[in-house]
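Student: Hey, could we go through this one together? I'd like to start with one residue and work outwards.
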Amino acid sequence: MSSCNTSTSGHSTFLLTGFPGLEASHHWVSIPVNLICVVSILGNSIILFLIRTDSALHEPMYIFLSILAASDLGLCASTFPTMVQLFWLGAPELPFDLCAAQMFFIHAFTYVESGVLLAMAFDRFIAIRDPLHYATILTPSAMAKVGTAILVRAVLLNLPAPILLQRLLFPQISVLSHCYCLHCDLVGLACSDIQINSFVGLVSILLSLCLDSSLIMLSYTLILRTVLGIASPGEQLKALNTCVSHLCIVLIFYLPKLGLSVLHRVEKHSYPALAVLMANLHFLVPPFMNPIVYCIKSKQIRQGLLKRFQTKRVDVSWNSRRTQ
């Protein structure tokens with residue numbers, strides 16, 4: 001248990017938490033979690049490779065998708081090590097510096113992903129509202145500026161949090177609620193005044209996730225208004241179909257966060273294992289599902305995959321003939 005009787009600043013040890021009540025079965029419980037992480041890494045790596053090597057995918061929507069895949073890989077790299085450390089090595093201890101660094105990268109990559117989803121919503125709006133000027137509006141330089149702005153915002157909004165944590169006093173041993181470090185979790189364990197930290201955290205969320213989700217809803221309102229102004233029902237369906245993939249990953253990104261927020265406010269203590277499961281899913285599901293959604297719904301991605309497999313098969317058959 002955490003105690004403030006012997007509190008320190010910057011020298012605390014944090015204990016990661018797995019699934020309450022299932023400690024003896026952590027190796028078995030972690031198998032699907034680790035498989036999800038491995039598939040996420042492979043899937044997003046394949047998406048990045050396809051977009052980089054296939055000139056047909058050098059379009060604004062797929063450039064944003066590559067940034068999304070990169071942020072998903074960053075999120076996996078931020079959460080996967082402590083999961084392995086806890087579930088497979090049985091080592092729950094994490095020093096303050098590593099915990100603060102993990103917290104920064106988890107939140108930063110989450111904000112990057114949120115910003116990319118907003119940029120992709122704007123991309124879909126321009127493609128439907130003004131298709132003739134689509135290429136002149138979303139030029140490579142414009143996309144580079146958008147990508148830079150998303151990255152800079154994520155860093156600036158998250159940089160104060162680990163710095164302000166240095167001034168707080170923590171128990172020498174603190175028990176976290178998850179198998180990774182989050183800002184709200186760390187602040188809740190502090191033994192000193194956290195008003196500034198809570199305010200900075202609130203402003204950070206308002207200027208990222210809340211702002212992005214509001215603008216995404218506004219974009220889809222404008223998209224729906226534009227689509228309803230199209231005379232042909234067939235053209236309406238065709239226009240809406242271009243948004244299905246993006247809308248799916250928006251829901252995959254935000255719904256687990258909404259569910260976790262509701263669970264924390266309603267029945268977190270009654271169902272601790274469910275709260276931990278939801279907390280893991282809300283970071284694991286988006287990187288896992290995003291490549292799957294785009295491989296299923298995007299014809300260009302599927303064609304790129306088939307082209308790679310066919311080229312590989314031709315190379316293998318040609319080499320086998322030469323050896324014969």
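Tutor: Gladly, and keep in mind from the start that this is a predicted model. Let us begin with L35, which is found in helix 1, the helix that covers residues 26-53.

Student: Okay, is L35 buried or exposed?
Tutor: L35 is exposed, because its relative accessible area is 52%, and the cut-off for that word is over 50%.

Student: Which surface patch is made with L35, then?
Tutor: L35 helps to make a nonpolar surface patch of about 600 Å², and the other residues in that patch are W28, I31, W88 and L89.

Student: Switching to charges now, how many salt bridges does the structure hold?
Tutor: The structure holds two salt bridges. As background, side chains of opposite charge can pair when their charged atoms come close.

Student: Which side chains meet at 2.8 Å?
Tutor: Those are the side chains of D123 and R124, which meet in a salt bridge with that distance taken from N to O. Both of these residues, D123 and R124, are buried.

Student: And which ones meet at 2.7 Å?
Tutor: There the partners are R153 and D212, whose side chains form a salt bridge, again with the distance given from N to O. R153 lies in helix 5 (residues 140-158) and D212 lies in helix 8 (residues 195-228), so this pair ties together parts that are 59 residues apart in sequence.

Student: Are R153 and D212 buried or exposed?
Tutor: Both R153 and D212 are buried.

Student: New topic, pockets. How much space lies in the second largest pocket?
Tutor: The second largest pocket holds about 500 Å³ of space.

Student: Which residues lie nearest its centre?
Tutor: Of the 19 residues that line the second largest pocket, the ones nearest its centre are M61, Y62, R124, T242 and Q300. You have already met R124, whose side chain is in a salt bridge with that of D123.

Student: Which elements give two or more residues to that lining?
Tutor: For the second largest pocket they are helix 2 (60-87), helix 3 (96-129), helix 9 (233-241), helix 10 (244-266), helix 11 (272-297) and helix 12 (299-323).

Student: What does the lining look like by class?
Tutor: The lining of the second largest pocket has eight nonpolar residues, six polar residues and five charged residues.

Student: Back to T242, where does it lie?
Tutor: T242 lies in the loop between helix 9 and helix 10, and it counts as partly exposed because its relative accessibility is 36%. The C-alpha atoms of T242 and R124 are separated by 7.5 Å, although these two residues are 118 residues apart along the chain.

Student: What about helix 11, where does Y294 come in?
Tutor: Y294 lies in helix 11, and with a relative accessible area of 2% it is buried. Y294 and I47 are 247 residues apart in sequence, while their C-alpha atoms are 9.0 Å apart in space.

Student: Is N290 buried or exposed?
Tutor: N290, which also lies in helix 11, is buried, because its relative accessible area is 3%, and the cut-off for buried is under 20%. Its C-alpha atom is separated from that of H246 by 9.2 Å, with their positions 44 residues apart along the chain.

Student: Last one, where does F105 lie?
Tutor: F105 lies in helix 3, and at 41% relative accessibility it counts as partly exposed. The C-alpha atoms of F105 and V155 are separated by 8.9 Å, and the two residues are 50 residues apart along the chain.

Definitions and conventions
Residues numbered from 1 in each chain as written. Predicted model: local features only at pLDDT ≥ 70, side-chain atom pairs only at ≥ 80, totals over all residues. Heavy atoms only, no water. Patch = residues over 30% accessible without salt bridge, like charges linked within 9 Å, V, L, I, M, F, W, Y side chains within 5 Å. Areas by Shrake-Rupley, 256 points an atom, 1.4 Å probe, with all protein chains shown as cover. Salt bridge = Lys/Arg side-chain N within 4 Å of Asp/Glu carboxyl O. Helix = DSSP H or I, 4+ residues; strand = E, 2+ residues; numbered from the N terminus. Buried < 20%, exposed > 50% of the residue type's maximum accessible area, 1.4 Å probe, protein only. 1 Å grid on protein atoms, 1.4 Å probe; cavity = no way out; pocket = protein on both sides within 12 Å on 5 of 7 lines; lining within 4 Å. Points joined across faces, edges and corners; volume = space filled by probe spheres on them. Nonpolar A, V, L, I, M, F, W, Y, C, P; charged D, E, K, R; others polar.
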